[in-house]
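Student: I have not looked at this one before. Could you walk me through it, one piece at a time?
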Amino acid sequence: MEYNIILSRDHILIDSADGILLVDTGSPMSFHENGMIRLGDEEFQVPNSLMGVDASYIVDKVGERVSGLLGMDIISRMGVKIDIPVGKLSFHPSTEG
C-alpha cells in the first residue's frame with residue numbers, strides 16, 4: 001500500500017480513501033471522524049476522537065482539513081517506509097525481529 005505524503009507545518013499527512021490522515025507515531029491510538037480507517041484491503045474500527053481531540057482540532061494545528069489520525073495501534077501492525085524526498089509513505093506486511 002502506497003500513499004502520497006502531504007507535508008504541512010512539519011507534519012506528515014497521507015491522502016487515503018477515507019480522506020487526509022495525520023500520521024502520528026507518538027499517538028498510541030488512531031481515530032477518524034467516521035469511526036473507521038481503511039488501508040488497502042484492511043478496515044480498522046476506531047473511535048471518533050481521542051482524549052477530547054478530534055479531526056477539527058487537528059485542522060487548526062496542521063493547517064489542512066483532515067479526517068483523522070493514524071496512530072501506533074494501526075501503524076505497528078505493518079512495516080512502514082516514509083520517503084519524504086519522493087513524497088511516498090508505504091505500508092508492507094509486518095516482519096519479525
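Student: What does Gly63 do just after α1?

Tutor: This is a predicted model, and in it Gly63, which comes just after α1, takes a positive phi of about 80°.

Student: And in helix α1 itself, which residues are buried?

Tutor: Helix α1 covers residues 55-62, and Ala55, Ile58 and Val62 are buried in it. Seen down the axis of α1, the buried residues fall within an arc of 55°, so they line one face of the helix.

Student: What covers the buried residues of α1?

Tutor: The cover includes several strands, namely β1, β2 (11-16), β3 (19-23), β4 (31-32) and β7 (68-70).

Student: Changing topic, how many aromatic pairs does the structure hold?

Tutor: It holds 1 aromatic pair. Tyr3 and Phe91 form it in an edge-to-face arrangement, with 6.0 Å from centre to centre and 70° between the planes.

Student: Where in the chain do Tyr3 and Phe91 sit?

Tutor: Tyr3 belongs to strand β1 (residues 2-8) and Phe91 to strand β9 (residues 88-93), so the pair, with its partners 88 residues apart, links distant parts of the chain.

Student: Are those two buried or exposed?

Tutor: Tyr3 is buried, and Phe91 is buried as well.

Student: Now the surface: which residues make the nonpolar patch?

Tutor: Leu7, Val80, Ile82 and Ile84 make a nonpolar surface patch of about 320 Å². One of these residues, Val80, lies in strand β8 (residues 78-83).

Student: Why does Val80 count as partly exposed?

Tutor: Val80 counts as partly exposed because its relative accessibility is 38%, and that class lies between the cut-offs of under 20% for buried and over 50% for exposed.

Definitions and conventions. Residues are numbered from 1 along each chain as its sequence is written. This is a predicted model: local features need pLDDT of at least 70, side-chain atom pairs count only at pLDDT 80 or more; totals for chains, interfaces and linings use all residues. Side-chain values use heavy atoms; hydrogens and water are left out. Rings of Phe, Tyr and Trp (its six-membered ring) pair if their centres lie within 6.5 Å; planes under 30 degrees apart count as stacked, over 60 as edge-to-face and the rest as tilted. Helices (H or I, at least four residues) and strands (E, at least two) are DSSP runs, numbered from the N terminus. Buried means under 20% relative accessible area, exposed over 50%, partly exposed in between (1.4 Å probe, protein chains only). The arc is that of the directions from the helix axis to the C-beta atoms. Contact means heavy atoms within 4.5 Å. Patches are made of residues with over 30% relative accessible area and no salt bridge: like charges are joined within 9 Å, nonpolar side chains (Val, Leu, Ile, Met, Phe, Trp, Tyr) within 5 Å. Accessible areas come from the Shrake-Rupley method with a 1.4 Å probe; for residues, only the protein chains shown count as cover. A salt bridge is a side-chain nitrogen of Lys or Arg within 4 Å of a carboxyl oxygen of Asp or Glu.
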